[in-house]
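Here is a short tour of one structure, written with a modeller's eye in mind. Have the viewer open as you read.

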Amino acid sequence: MSLADKVLAVNNDLPIRTKQPVHSGKVRSVYWLTEEDSRRLIREKGYNVAADAPLAIMVISDRISAFDCIWHGEGGLNGVPGKGAALNAISNHWFKLFREQGLADSHILDIPHPFVWIVQKATPVKIEAICRQYITGSMWRSYAKGEREFCGIRLPDGLQKDQKLPELLMTPSTKGILKGIPGVPEADDVNITRRNIEDNFAAFNFKRREDIDRYERLLREGFEVISKELAKLDQIFVDTKFEFGYVADAAGNEKLIYMDEVGTPDSSRIWDGPAYREGRIVENSKEDFRQVLLNHFPDSDILLNKDRMPEREALARDNALPAEVLMDVSRTYVGIAEKITGQALALSDNPKADIIAILRDQYGLVD
């Protein structure tokens with residue numbers, strides 16, 4: 001079996017029983033279970049949700065996305081070996097710590113396979129909640145051009161690239177296109193202020209105005225938990241994205257939870273501590289792959305300029321990257337996952353077959 005065969009690049013064709021279309025994102029695919037299967041699993045597995053709660057199977061892939069495009073390598077390598085398992089293992093580790101330290105639950109009810117989560121349906125808060133501890137990336141590029149206000153927060157003059165900020169910044173942006181909110185452009189991923197959220201909390205799917213305080217507290221506490229744990233490994237938690245939503249438990253109690261993934265190389269920047277102290281940036285996250293792409297193609301503006309999206313999509317579609325580029329990403333992801341969890345990452349030679357067998361034999365979801 002070739003290396004390409006071991007990569008789970010296509011994850012929306014599994015024979016999981018469902019009556020709805022499979023929703024396939026850049027990295028994950030979601031299979032909504034039938035009402036009968038949801039009720040049966042809740043009863044058989046004892047999940048702490050309402051008896052009629054909709055459940056879904058969420059399957060991660062090894063695909064790699066950057067600059068809003070999916071990239072591939074030579075030799076039919078349509079993903080990064082170990083990437084999916086690494087992302088899930090890291091998220092599972094942080095979610096477990098969050099629960100143990102009394103922060104909040106997640107939408108995950110069960111983990112049948114390293115690539116698979118069973119989740120309950122949540123009502124998402126329509127905010128990409130971004131925390132920043134260092135000035136880098138897009139914030140630095142804007143700051144270097146003279147911008148000093150970000151999401152209603154004023155930054156002082158004199159900051160240097162990759163410097164630690166005076167305090168942890170929460171810089172939210174919109175999740176999806178929101179319409180009819182005064183002062184908020186009708187576009188995806190635009191920066192917003194806390195005042196925008198306060199004045200229009202229902203439009204962002206907050207149930208109550210006071211939940212804004214809880215959301216910010218969970219942001220700060222979640223960031224601090226991960227930052228402290230990474231510091232023990234001499235790794236620096238630079239910035240990250242959180243997502244939140246609402247679910248109800250078996251007793252009908254509604255609660256704000258963490259959603260999607262947390263503290264992963266896809267959703268965060270993680271820097272190597274020893275290198276940073278020497279004045280170098282060594283990424284243990286997808287940012288390193290982004291920099292490789294910027295250096296690989298002669299016209300990097302295609303990747304940075306949203307007005308050139310058709311050219312960017314053609315670039316990703318028509319150019320197979322050197323296989324070693326994707327293997328470098330694999331080593332980064334697997335390495336940081338094993339460092340964080342303290343365990344070797346178990347990788348399958350045929351993850352799709354393994355997933356099907358488990359969901360068929362242990363969960364009765366494959367005919």
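## Two helices crossing

Let's begin with the helices. Helix α2 passes helix α5 in a right-handed crossing. The model is a predicted one, so please read what follows in that light.

Two packed helices are described by the angle between their axes and the distance between those axes. Here α2, residues 83-100, and α5, residues 211-232, pack at an angle of about 115 degrees, and their axes lie 10 Å apart.

## Who makes the contact

If you would like to select the residues involved, α2 contributes W94, L97 and F98. From α5 come G222, V225, I226, E229 and L230. Sorted by class, the contact of α2 with α5 has six nonpolar residues, one polar and one charged. Glycine counts as polar and glutamate as charged under the scheme used, so G222 is the polar member and E229 the charged one.

## A strand with two partners

Now over to the strands, with β2 as our guide. Strand β2 covers residues 28-32, and it pairs with β1 (residues 23-24) in the antiparallel sense over two bridges. In this pairing S24 stands opposite S29 of β2. Three residues sit between β1 and β2, and the two strands form a hairpin.

The other pairing to look at joins β2 to β3 (residues 55-60), again antiparallel, over five bridges. Here V30 has M58 of β3 as its bridge partner.

How much of β2 is buried? Four of its five residues are, leaving the strand mostly covered.

Key:
Residues numbered from 1 in each chain as written. Predicted model: local features only at pLDDT ≥ 70, side-chain atom pairs only at ≥ 80, totals over all residues. Heavy atoms only, no water. Buried < 20%, exposed > 50% of the residue type's maximum accessible area, 1.4 Å probe, protein only. Pairing = 2+ DSSP bridges. Axes fitted to C-alpha atoms, helices over the stretch in contact; angles between N-to-C directions. Left-handed = near helix turned anticlockwise from the far one by under 90°. Contact = heavy atoms within 4.5 Å.
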